[in-house]
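Good morning, and thank you for coming. Please look at the structure that I am about to show, and then I shall go through its interface and its cavities.

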Amino acid sequence: MITRRAFLKGGGLTLLGMGIGGVPTFLTRAATMNTVQPLYGKRNVLVCIFQRGAMDGLMAVTPFTDNHLKAARPDLFVTPAGTNGDKALLDLDGRFGLHPAMRAFEPLYREQRLGIVHGMGSPNTTRSHFDAQDYMESGTPFTKSTDSGWLNRAAGMLGHEATPFQAVSLTPAMPRALYGDQPALAISNLKDFTVQSKGSPKGAVVAARSFEELYDQTSSALLNETGKESFEAMHVLQQVDTGRYTPGYGAVYPVSPLGNALKQIAQLIKMDVGLEVAFAESGGWDTHFNQGLPTVSLHATWPT
Amino acid sequence: MKNTHRYTVLLVGILILIAVSASRGPESATRPRMRFPYEKAGLTKNEAAAHLLNRFTYGPVPGQVDAVVKQGLENWFEQQLAGALPESDLNIRLQTFDALTWTNTQIVNTYRRNGEVLRMARADGVLKNDSTEDDRKAYRDQLRRYREQHGFRPERDLTRQLVGQKIVRAVYSPDQLREVLTEFWMNHFNVSVTKNACSRFILSYERDAIRPNALGYFEDLLLATAQSPAMLLYLDNFSSVGNDSSARRKTNNRRRGLNENYAREVMELHTLGVDGGYTQTDVTEAARILTGWTVYPMGDEGFGNGYKKMLDNAGEERLAARGFVHHDDFLFLANRHDKGEKTVLGKHFAAGGGYEEGKTLLHMLSRHPATATFIARKIAIRFVSDTPPPALVDRMAKAFSEHNGDIKAVLRSLVTSSEFWDGHAVRAKTKSPVELMASSLRALNADVKDPYIFFAWLRRMGQPLYHYQAPTGFPDRAQYWINTGALLNRMNFGLALADGRIRGAAFDLLAINGNHEPESAQDALAAYSTILMPGRNMDETIKRLTPLLTAHDLQQKIDKAAAHNNAGEALTMQEPDSLTDDTNSPQIRMETDSDYRLAQVLGILLGSPEFQRR
């Protein structure tokens, strides 16, 4: 079992390369460049959104000049000319087209603020959704015994001591991608992230103290460590006001699990609590049948 | 003379033998008496009884450890395996849920979707086709009145009943093991309310396919789930049409075709496991075998209207003669079936097969050695630890195979193993949110008035029952349940429940301690930690908590902390939470005159790390 301290002392890269998973070359280059500077500036935040199900990349951004694709999917193939009048692809660059359901992304692409990386995926061609998802999150296709997730290992390479809020997942359960030795938090609701004893503020303090004491000495490692992380994070949050949050630029977040998650990520970033890696999920991308016909749909429950 | 004498002795001997074996019960005559090896593991009888209750029930009720010791541990377990205790009290509590006994047809005819109701109202002339935007309120009122007149109910009422009955059963069912296994198998053969098509059929799924078979044979479970509307709709097999079938040829509708979803998941998740040795070809061939397995039309505007007419016209006898099969809500449409020859996992299915080849396939899967290991491992994880010893799993798999998938046999091999009683296994499991909630309510001898209120807490703690979207069901490992947010919610749950802030339950804290009022925090801790967590050594907990809970020497520190922590004050001024209210209802007796708060002691015990383990 590799402890966090050992991990940081030993140098994340060596341990990573030792067999937990391969080390992406861009990281090795960056790490060897200048060890004084942290790998990521404090202001940069990576927000990772996992589309569970999963989203069909070839339908989201279609290489519409590709004849192999046309031959393989005669009924699902769409071009900027469209199958019905309003189902045309949005031509991005003459070769790739954006699915009309994602038209909100088009202006970002035109302004060169959005990059799309195509043809990227796991070399493991398992047809099991769940295995494929696990491999994506553990970062080690073909190996099921990996305990940790890629995001957790990446967070460990940030080159400085972690704050309790370094890695946060806005989900009810910790995603596999964040399993591991780096402290990571799973919070579905910032407001609830405290010991509550309504009508009795002193009671809340006594209870919180008692819990902190008990979890500190419990023999279960998982309860002990998680308890520590919870209380550390709670103390940090107590210093800031988690009350009402007004999104900037007049943004209106949809009332949905993903909308709520993104709103709270924005809130956490602005609270300046040291957030660097955030994770959210969007579900329902598994289009089980009748994908595409008669109208080309991208999501299992979206109206087409 | 000599001969008759010999025969008489023989006859008497036989009669004695019959009498002896009859008195020991029919089964025990063929099986050696079970003995639990807990003494070797260093457990006292009390500790052993507590361990049994922690694992095979939703948590001990006050006094239950002593009762089990008195009954005899093995006797208690066998009684739970039989799962046939009288349920009169439970049934009284369940009476409030009137949909529990309905057929699927009754359910779809009452819990109608909005689209359906609209169509009916228009057909009846109650609503004009174009009266939409102008008079929205009147339109909605008319629709509501129409619904009321016909006794149509919104689906959320059905979900309330579904969740409510499960919580009531978890807390009050005398057949605790059957209830635990019902939840286990529901999770293994997961279906979800989040999928609209199947949501209304989940009540019947649990009641008719899962619960009756939970303590029986695995194959019966597999077949029952395969033919239940909930599963047929959840994993899409209801729509699967053979490419080589007459139905396909007739319509030439390219939308309809083979659907492999169920065939894949039945192998990957229900029987063999993802590493069970099947290939993609096996999945496709299995899907072909299961074409035609679909749902019998239910309700006035239910599923299967496309073929309802054909079924009505033909009549049951003619259909049976043509190879159609219908029982309960299951239908085998012979005209959708792919009659070609197939090969699955090396077994050849000759051309011309019909309904029977599906049953043969499921039988084969249920008896496959990979299935034995897969199921044994899952059961070991549920009842022993998140990482069960491989030797134990092998033994349980062997019991599974040798007894044709008899779940009782697997459980017996588990409970008589030394690994089950080993120090590493005792209290090694972390309670799921459902287990935490149910064990809290049982430990407090609570009277649950409104079970559905607890659903919001279950959701916060990460387990929205019946709503897990993927067919894998909720993962059974501590790492999934214990993360920072969920852990805080568990602590808050304990505090809120003990404080009487959860409206759904009432209890009497002093009564569970024999109406003896503890005189100090230390007394209270000692008394109630034993009630809540029998059979455990709580000295360390008591030692650590006593100074914190004893008000007199800590009052100044607390005042200082509360004043210091302005944010702390702000935190407790939350917006009103509809789940809790601050009134001390007269049904809840918990305040005492002492300088500590009994409810707070209970709350901290319920949220303590020890109580999170079973």
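How many residue pairs are in polar contact across the interface of chain B and chain A? The rule finds 13 such pairs, both residues at pLDDT 80 or more. A polar contact here is a pair of N or O atoms within 3.5 Å; within protein, one must be able to donate a hydrogen and the other to accept it, and residues adjacent in sequence count only if both atoms are side-chain atoms.

On the side of chain B that touches chain A, the elements giving two or more residues include α16 (261-270), α30 (539-549) and α33 (598-607) of chain B. The most comes from α28(B), with 9 residues. Helices are DSSP runs of H or I, at least four residues long, numbered from the N terminus.

A word on the basis: this is a predicted model, in which local features need pLDDT of at least 70 and side-chain atom pairs count only at pLDDT 80 or more, while totals for chains, interfaces and linings use all residues. Residues are numbered from 1 along each chain as its sequence is written, chains are lettered from A and ligands numbered from 1 in the order in which they are written, and side-chain values use heavy atoms, with hydrogens and water left out.

The contact (heavy atoms within 4.5 Å) involves 68 residues of chain B and 56 residues of chain A. The rule also finds 2 salt bridges across this interface, each a side-chain nitrogen of Lys or Arg within 4 Å of a carboxyl oxygen of Asp or Glu. Asp192(A) and Arg460(B) form a salt bridge through their side chains, at 3.8 Å from N to O.

I turn now to the cavities. A cavity is a set of points, on a 1 Å grid over the protein atoms alone, where a 1.4 Å probe fits but cannot get out; lining residues have an atom within 4 Å of a point. There are 8 cavities of 30 Å³ or more, and the largest has a volume of about 80 Å³, a volume being the space filled by probe spheres set on the points, which are joined across faces, edges and corners. Its lining has 13 residues, and among those closest to the centre are Asn54(B), Lys431(B) and Arg536(B).

Note on methods:
On a 1 Å grid over the protein atoms alone, a cavity is a set of points where a 1.4 Å probe fits but cannot get out, and a pocket is an open set with protein on both sides within 12 Å along at least five of seven lines; lining residues have an atom within 4 Å of a point.
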